[in-house]
Amino acid sequence: MSHCTVFCTYPLAKTLSGLVLPSCIGRCVISPAQEETLQAETLCETNALFSLTKEQEKQAMLASSSDFHLDEKGRLSFLCKLDSSENPLQTLYFHTTEDALAFIAEYPEPQKQIPLLIEAYASLLKEGKLVAFPTETVYGLGADATNEEAVKRIFSAKQRPFFDPLIVHIADLSQLDGLAKDVSEQAYTLMRTFWPGPLTLVLKKSGNVPSLVTAGSETVAVRMPANALALSLIKASGIPIAAPSANRFGYTSPTTAAHVKEQLGDRIEAILDGGACTVGIESTVLSLCTEVPTILRPGKIGIDELIPILGNVKIAQKAGPTDTTLPSPGLLDSHYAPTTPFYLVDDVSLYQDRSDVGVILVEKSSVPFKGPVVTISETDDAEEVARRLYWAIRHLDSMHLTCMVGSLMEERGIGVAINNRLRKAATKA
Ligand code: TXA
Ligand code: MG
């Protein structure tokens with residue numbers, strides 16, 4: 001096997017020099033900032049795996065199929081030509097350096113391995129099998145949306161009730177033809193503005209969509225995800241892909257391939273690993289089939305971005321779990337929930353003496369908590385909170401704690417969607 005080279009910054013090189021690196025990594029090449037040059041030279045003298053480069057331009061560094069660029073924010077870049085984009089530079093995001101190294105160990109030659117996997121997984125989808133794949137929001141559990149048997153398998157793998165309809169994912173606007181009808185100019189404007197991206201549109205369904213996909217409704221939810229691997233997979237399969245979040249029904253959505261494996265690994269044919277999802281919470285679901293366009297589920301694309309295009313937009317009232325005419329089961333009070341009881345509190349520092357209570361923080365704190373703490377964002381950065389929220393919840397949920405606590409964010413921008421998910425994840429008193 002050929003060895004790969006990892007280009008990195010000096011701070012990351014320091015971290016890497018303290019870790020056991022996968023054996024496929026043959027060299028670590030540091031591109032230090034001016035003021036770090038001396039320290040970087042010392043590191044290279046003490047560790048033969050490390051050397052220096054003056055090159056700063058990422059794409060120029062990544063010349064061979066077995067080169068990676070990794071930074072301290074968990075971004076891993078490599079060259080890999082995919083059908084869905086002109087630019088061969090792919091950048092995946094990881095929550096930890098260890099996760100990024102595990103990816104390198106698994107795919108030391110991504111330029112060769114990933115296109116082959118996409119071909120193979122597209123064939124599985126065409127055969128009616130289940131394939132989980134990354135999107136910018138959360139991982140989806142995909143199946144051929146035109147194949148009723150395949151769609152049925154999604155429901156049984158997830159233990160999802162049949163009353164909950166699925167989103168159909170497309171890679172090209174031409175795929176809308178067989179899915180939706182009477183698509184308005186306004187809808188096309190939304191697509192041109194936000195696709196590919198985290199906006200799901202509920203449209204009038206055309207006759208070809210199996211009623212299982214839409215839970216018997218005359219509407220269909222459609223979205224074009226902004227993820228190069230997802231778009232390539234859908235494109236290679238040549239079919240629209242029905243995909244709910246790839247978790248057991250009611251549980252927190254997965255934002256890494258490992259999350260999918262934990263809950264569904266033994267129930268599905270394949271998982272396409274694309275690192276951690278960059279948005280981290282599910283798409284905005286917008287119905288264009290109501291008198292006034294209605295947000296059924298808040299997401300990254302908020303009402304303020306929709307109003308300039310639509311004029312008037314409503315936010316759906318939440319539906320109770322006993323309501324059988326739910327406009328969107330994502331509106332159920334309890335959803336996206338961990339197993340460990342989770343409470344929303346005004347002041348998490350009241351729990352500082354409880355070693356059996358996990359704490360989720362959205363900014364750095366000097367409080368000496370006795371229990372485990374996950375600081376989702378050091379700086380109260382709402383986009384970072386969204387990206388790491390489900391990872392943090394899952395992490396604490398695996399620690400067998402009495403409960404976990406967290407607080408709501410400012411109800412603004414993506415904070416609206418984050419608070420919506422926090423409330424749904426929270427245990428009712
Ligand atoms: O970001 C996302 O939307 C992710 C990724 C994989 O694309 N998918 C996702 O799917 O979150 P799921 O099934 O977990 O949530 C889809 C939501 C559900 O609340 C469902 O009820 C609603 O969309 N939905 C789907 N089709 C609908 C329809 N025809 N009318 C109203 N709501 C619909
Ligand atoms: Mg879901």
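Visitor: Which elements do the buried residues of H9 pack against?
Guide: A word on the ground rules: this is a predicted model, where local features need pLDDT of at least 70, side-chain atom pairs count only at pLDDT 80 or more, and totals for chains, interfaces and linings use all residues. Residues are numbered from 1 along each chain as its sequence is written, while chains are lettered from A and ligands numbered from 1 in the order in which they are written. Helices (H or I, at least four residues) and strands (E, at least two) are DSSP runs numbered from the N terminus, and contact here is C-beta atoms, placed from the backbone, within 7 Å. The partners of those H9 residues are strand S6, helix H5 (110–126), and strands S7 (131–133), S9 (167–169) and S13 (241–242).

Visitor: How many of the 10 residues of helix H9 are buried?
Guide: Buried takes 20 or more other C-beta atoms within 10 Å of a residue's own; 12 or fewer is exposed, and anything in between is partly exposed, with C-beta atoms placed from the backbone. Ala228, Leu233 and Ser237 are among the H9 residues that qualify. H9 (residues 228–237) is largely enclosed by the rest of the structure, because its buried count is nine.

Visitor: Which residue follows H9, and what is its phi?
Guide: Have a look just past the end of the helix, where you'll find glycine 238. Its phi is positive, near 75°.

Visitor: Which residues of the largest nonpolar core touch the most other members?
Guide: A nonpolar core is a set of buried Ala, Val, Leu, Ile, Met, Phe, Trp, Tyr and Cys residues joined through C-beta atoms within 7 Å. This one has 122 residues, and the best-connected are Ala132, Val168, Val222, Leu233 and Ala242.

Visitor: Which helix gives this core its largest share?
Guide: The top contribution is eight residues. They come from residues 382–397, which is helix H12.

Visitor: Which residue in S12 stands opposite leucine 201?
Guide: Two strands pair if DSSP finds at least two bridges between them. S11 and strand S12 (residues 219–223) run antiparallel, joined by four bridges. Beyond residues up to four places away in sequence, the S12 residue in question touches Val168, Ile170, Leu176, Leu179, Ala180, Thr200, Leu201 and Leu203. Opposite leucine 201 sits valine 222.

Visitor: Which residue in S15 stands opposite threonine 200?
Guide: Stay with strand S11 (residues 199–205), where six of the seven residues are buried. S11 pairs with strand S15 (residues 284–287) in the parallel sense over four bridges. Across from threonine 200 in that pair is valine 285.

Visitor: What is the strand order of the open sheet of six strands?
Guide: The pairing in this sheet is mixed. Strands S3 (50–52) and S6 (89–93) have a single partner strand each, so they stand at the edges with one side lacking a neighbour in the sheet. Reading across, the order is S3-S2-S1-S4-S5-S6.

Visitor: What angle does the direction of helix H1 make with that of S2?
Guide: Helix H1 (residues 10–17) packs on the six-stranded sheet, touching strands S1 (4–8), S2, S3 and S4 (67–70). Axes are lines fitted to C-alpha atoms, for helices over the stretch in contact, and angles run from 0 to 180 degrees between N-to-C directions. With S2, the angle is about 145°.

Visitor: Which strands stand at the edges of the sheet of four?
Guide: That open sheet has the order S18-S21-S19-S20, with parallel pairing. The edge strands have a single partner each, so one side is left without a neighbour: they are S18 (342–344) and S20 (373–375).

Visitor: Is phenylalanine 103 buried or exposed?
Guide: Phenylalanine 103 belongs to helix H4 (residues 97–106). Leaving aside neighbours within four places in sequence, its contacts are Leu76, Leu92, Phe94, Asp273 and Gly275. Because there are 22 C-beta neighbours inside 10 Å, phenylalanine 103 counts as buried.

Visitor: How far apart do the C-alpha centres of domain 1 and domain 3 lie?
Guide: The bounds come from an automatic or database domain assignment. It gives domain 1 (4–108), domain 2 (118–284) and domain 3 (342–425). Between the centres of domain 1 and domain 3 there are 31 Å.

Visitor: What is the radius of gyration of the chain?
Guide: The chain has 13 helices and 21 strands. The radius is taken over C-alpha atoms, and the globule rule is 2.2 Å times the number of residues to the power 0.38. For 429 residues the rule gives 22 Å and the chain comes close to that, so it is as compact as a globular protein of that length, with a radius of gyration of 22 Å.

How values were computed
Two residues are in contact if their C-beta atoms, placed from the backbone, lie within 7 Å.
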